[in-house]
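Subject: Structure handover

Hi,

Here is the structure I said I would pass on. Have a look at it first, and then read on for what turned up in it.

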Amino acid sequence: MQLGLSAADLDFQAEVRDLIGRAFSSDAPYDGSREHDRRWHAAMAERGWEISKWPTAFGGPGWSATQHFIWERETTAAGLPAQVGGMGLGMLAPILFAYGTPEQQARFLPDIRANRVHWCQGYSEPEAGSDLAALRTRATLEGDHYVVEGEKIWTSGAHLADWIFCLTRTSQEGKKQEGITFLLIDMRAPGVSVHPIISIDGRHMFNRVTFEGVRTSVANRVGREGEGWTVAKGLLTHERTGQAYVSLSLSLLARLRDAAASVPGAHGGSLLEDPGFSSRLSLAAIELEALAMTELRTLSEVAMGEAPGTQSSMLKLKGTDIVQRMTEFFVECAGPYAAPWFPEVAGPPEQIGPDWAQPEVVRYLEGRAASIAGGSDEIQRNIIAKHVLRL
Ligand SMILES: Cc1cc2nc3c(=O)[nH]c(=O)nc-3n(C[C@H](O)[C@H](O)[C@H](O)COP(=O)(O)OP(=O)(O)OC[C@H]3O[C@@H](n4cnc5c(N)ncnc54)[C@H](O)[C@@H]3O)c2cc1C
């Protein structure tokens, strides 16, 4: 997709490319390691760009919607994460801006910014995923501490996290949304245990986290007692706006065309020349352009100070659909070379077929989760029906 960029935006794009080029070369690209994360974080921090999405009042650079879009596209095209800092940076910080006390902001934001302290998200429970308000992890006030008992599940990165932001039940009275309180808990506090869950791609990302008599200070409560649902809802719209995967889909699309051109189609010529494959790919590409426009519209609203709102559900739903289709096209390109990936077999699999085949199969497997994480497709449709279409 071509954007009509102004001279100032073209200058910005050149600055971004320069920053990327100085941090990583094409011979030694970013490899996802902690060391590379540190290097990339330091490069961004020199410009104050490690907090590009933070409001200027909290030190953010005040980028326009177009600058955010350029940043996403350039970093993704270079295989780099747009941000380093995970859930603290992208999810908890916006909550602390809106609901944190000045003391909480002063205590937690600098460490989040410096990527010194890692956070995980403790929302889902075994009987409370889509129906999150049914959560049962209980927090009881004892003096100036809450005592937490219960269990969280699907907690991404809990095994690497220093702190967890949690939804807890502080009251059984009234509607189930009313008795929920948002607490910050130190993962090293006595009584916190992390139990690994291995996912379909063979990797350890998920965990079950249990709390047995865990104490956290009242000073670690964000918002008032019983206000946790309102706090969490604000966080989820931020989470979903970040899940349109436009830049990722654009970069997958470009590489897909190369991959499809390099493998044979069913009727002679390459797979890219196969009329069935190419028409399905073109349809996905057109839908991706429409999604990119919708995302830009949302970004400009956010840049003008509006909360992302319910259209973030639309972005998440469509964005997930498209990125999953991109990964499916790759599996089609890989053909029989998609099969040798057996994550349950210990050790790295033997590499056969093109270089891209196995990493893309892993991405395909991993990508199945996108239509569940952050609220499943069905839940997004319910939100769109109720709040956007007012059905
Ligand atoms: C990759 C990934 C990372 C995650 N990371 C975290 C994390 O870090 N922290 C965290 O707290 N959670 C995390 N989760 C959990 C995630 O939020 C839940 O999986 C999600 O909310 C769905 O809940 P569930 O798994 O209990 O499924 P359920 O709620 O049991 O849903 C099962 C099925 O029923 C459908 N369904 C349920 N209710 C309705 C309804 N009202 N109308 C129509 N259909 C319905 C769902 O769409 C789904 O298809 C993660 C999940 C994934 C996949």
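A quick cut-off before anything else: a residue is called buried when its relative accessible area is under 20%, exposed when that area is over 50%, and partly exposed in between. Keep in mind too that this is a predicted model.

With that in hand, take L10, which sits in helix 1 (residues 7–23). Is L10 buried, exposed or partly exposed? Its relative accessibility is 44%, so L10 counts as partly exposed. L10 also pairs up with a residue some way along the chain: I70 is 60 residues away in sequence, and the two C-alpha atoms are separated by 9.2 Å.

Now the ligand, which is probably what you will open first. Its surroundings consist of 18 residues, and the closest of them are Q121, S124, S130, S376 and E378. Sorted by type, the shell has nine nonpolar residues, eight polar ones and one charged one.

Which parts of the chain build that shell? Strand 7 (204–217) and helix 11 (377–388) each put in at least two residues, and the largest share, three residues, comes from helix 11. On the domain level, domain 2 (92–107 + 117–228) and domain 3 (242–388) each give at least three residues to the shell.

Three polar contacts are worth a look if you plan to inspect the ligand by eye:

- Q121: a polar backbone atom of this residue is 2.7 Å from a nitrogen atom of the ligand.
- S376: an N or O atom in its side chain is 2.6 Å from an oxygen atom of the ligand.
- E378: here too an N or O atom of the side chain is 2.6 Å from a ligand oxygen atom.

As for how covered the ligand is, on its own it has 970 Å² of accessible area, and the protein covers 65% of that.

While we are on S376, one long span to note: D111 and S376 are 265 residues apart in sequence, and their C-alpha atoms are 31 Å apart in space. D111 belongs to helix 5, and at 25% relative accessibility D111 counts as partly exposed.

Strand 7 comes back as well, through R215, which lies in it. R215 has a relative accessibility of 44%, so it counts as partly exposed. Between the C-alpha atoms of R215 and G374 there are 27 Å, with the two positions 159 residues apart along the chain.

On to the inside of the protein. In soluble globular proteins, nonpolar side chains tend to be buried together. The largest nonpolar core in this model has 34 residues, and V246, M326, C333 and W356 are the ones with the most contacts inside it. Where does this core get its residues? Helix 3 (65–77), helix 7 (246–261), helix 8 (275–303), helix 9 (311–334) and helix 10 (357–367) each supply at least two. Helix 8 gives the largest share, with nine residues.

Just ahead of helix 3 there is W63, in the loop that links helix 2 (34–47) to helix 3. W63 has a relative accessibility of 8%, so it counts as buried. Its C-alpha atom is 28 Å from that of S33, and the two are 30 residues apart along the chain.

Last, some backbone oddities. Most residues other than glycine have a negative phi, and most peptide bonds are trans. Two residues here go against the phi part:

- N115 is not a glycine, yet has a positive phi of about 55 degrees. N115 lies in the loop between helix 5 (102–113) and strand 1 (119–122). Its relative accessibility is 17%, so N115 counts as buried.
- R390 is not a glycine either, and has a positive phi of about 50 degrees. R390 lies in the segment after helix 11. Its relative accessible area is 65%, so R390 is exposed.

That is what I have for now. Shout if anything is unclear.

Cheers

Technical notes:
Residues are numbered from 1 along each chain as its sequence is written. This is a predicted model: local features need pLDDT of at least 70, side-chain atom pairs count only at pLDDT 80 or more; totals for chains, interfaces and linings use all residues. Side-chain values use heavy atoms; hydrogens and water are left out. A residue is near a molecule or strand if one of its heavy atoms lies within 4 Å of it. A polar contact is a pair of N or O atoms within 3.5 Å; within protein, one must be able to donate a hydrogen and the other to accept it, and residues adjacent in sequence count only if both atoms are side-chain atoms. Accessible areas come from the Shrake-Rupley method with a 1.4 Å probe; for residues, only the protein chains shown count as cover. Helices (H or I, at least four residues) and strands (E, at least two) are DSSP runs, numbered from the N terminus. Ala, Val, Leu, Ile, Met, Phe, Trp, Tyr, Cys and Pro count as nonpolar, Asp, Glu, Lys and Arg as charged, and the others, Gly among them, as polar. Domain bounds come from an automatic or database domain assignment. A nonpolar core is a set of buried Ala, Val, Leu, Ile, Met, Phe, Trp, Tyr and Cys residues joined through side-chain atoms within 4.5 Å. Buried means under 20% relative accessible area, exposed over 50%, partly exposed in between (1.4 Å probe, protein chains only).
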